[in-house]
Amino acid sequence: MKNRLARCFVRLTLPILLGCFMPLASHAADNVDGPAKPAQAEFKPSPAVLARVEQSQRLVETWYPLINSLLFDEGHALPFTDVEIVLMPGFGPELANVVAYASDNSIYISAEQVAVMPDNFQAMMVHEITHINQQYPPSKQQVGWLVEGIADYVRHKYFEKDIGATLQINAQDQLSGYQPDAPYFFMLEKQGISLKEQGYLKAYTVASSFLYWLEVSKDKDIVKKLNVALSKGEYTPELFIVYGGGTLDILWQEFVGASRAATLVTAATAKP
Ligand SMILES: [Zn+2]
């Protein structure tokens, strides 16, 4: 179906098993080839799903250039002239929980999962649009957590406006006090995941909070600097020493300590 608006369109097609974008998957799984086969049967998404996806087309028109200006220096060209949104029935049984993923200039969406996803679809789309902007060259460094952290940083700082420079963590450095309306934190909390050692590798919202803490306490431009380094293939973990004044793991320990202290203060304040 051709979009009424310029720039992007929704193409309806059959599910084809692809790579995935999942909360705990590595970023490498985001980079997959798009579907090659044409539709073989009519696919009719529900009006509610279709409405969400059509709304997200307008989101792309606004946020694709905006994210470019947020993450790159002035004059940086958009990586693609067009962005494509591909709505599919689902991604097959092995990827049953995958809602969406980005590859090159396309965002693939599972109608099946959009219908039941617990959190904000449009916010998730901002995360995926950020991946279209990123287009980093391959890196020999461990960057998956940072790629996903930057995408969630854009989502939570600029779109949802709910980013925090601390995490709610208990004495065991596990997330604590999150509700289902913060699904990623809630999931990690239910699993009792300790964030003490290299917790930033949990990526996504955890990493985005860490990046925001670095921004407010170490270098206000650190996210853009890291993004530009990634895009030039110049990222190394030593950049955290340059911009943050400590190794990645030392900075993470400092962040966890600050989060723990903030949680204790909040808990004490909350007592009657
Ligand atoms: Zn992602």
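**Exercise 1. Find the heart of the nonpolar core.**
Which residues have the most contacts inside the largest nonpolar core?

*Solution.* Start with the term: a nonpolar core is a set of buried Ala, Val, Leu, Ile, Met, Phe, Trp, Tyr and Cys residues joined through C-beta atoms within 7 Å. Buried means that 20 or more other C-beta atoms lie within 10 Å of a residue's own; with 12 or fewer it is exposed, and in between it is partly exposed, the C-beta atoms being placed from the backbone. The largest core here has 64 residues, and Ile109, Ile129, Ile150, Val206, Ala207, Phe210 and Leu211 have the most contacts inside it. Next, look at the domains, whose bounds come from an automatic or database domain assignment: domain 1 (10-134) and domain 2 (144-270) each give this core at least three residues. Now zoom in on Leu211: leaving out residues up to four places away in sequence, Leu211 touches Gly149, Ile150, Tyr153 and Val223. Touching, or being in contact, means having C-beta atoms, placed from the backbone, within 7 Å. As background, nonpolar side chains tend to be buried together in soluble globular proteins.

A word on the model before going on. It is a predicted one: local features need pLDDT of at least 70, side-chain atom pairs count only at pLDDT 80 or more, and totals for chains, interfaces and linings use all residues. Residues are numbered from 1 along each chain as its sequence is written.

**Exercise 2. Check a helix.**
What should helix H4 (residues 144-159) span, and how many of its residues are buried?

*Solution.* Helices (H or I, at least four residues) and strands (E, at least two) are DSSP runs, numbered from the N terminus. The expected span is 1.5 Å times one less than the number of residues. With 16 residues, H4 should therefore span 22 Å, and its end C-alpha atoms are indeed 22 Å apart. As for cover, 13 of the 16 residues of H4 are buried.

**Exercise 3. Hunt for positive phi.**
Where do Gln135 and Tyr204 sit, and is each buried or partly exposed?

*Solution.* Take Gln135: it isn't a glycine, yet its phi is positive, about 45°. Gln135 sits in the loop between helix H3 (121-134) and H4. It has 14 other C-beta atoms within 10 Å, so it is partly exposed. Tyr204, also not a glycine, has a positive phi of about 40° and belongs to helix H6 (residues 204-217). Tyr204 counts as buried because it has 21 C-beta neighbours inside 10 Å.

**Exercise 4. Trace the hairpin.**
How many bridges pair strand S3 (residues 100-103) with strand S4 (residues 106-110)?

*Solution.* Strands pair if DSSP finds at least two bridges between them. S3 and S4 have four, in the antiparallel sense. One of the links joins Ser103 to Ser106 in S4. The hairpin has two residues between its strands, and Asp104 in the turn has a positive phi of about 50°. Along S3, Ala100 and Ala102 point one way, Tyr101 and Ser103 the other, and all are buried.

**Exercise 5. Weigh the confidence.**
What is the mean pLDDT, and where does pLDDT stay under 50?

*Solution.* pLDDT is the predictor's confidence in each residue, from 0 to 100. Its mean is 85, with 84% of residues reaching 70 or more. Over residues 1-33, though, pLDDT stays under 50.

Conventions: Contact = placed C-beta atoms within 7 Å.
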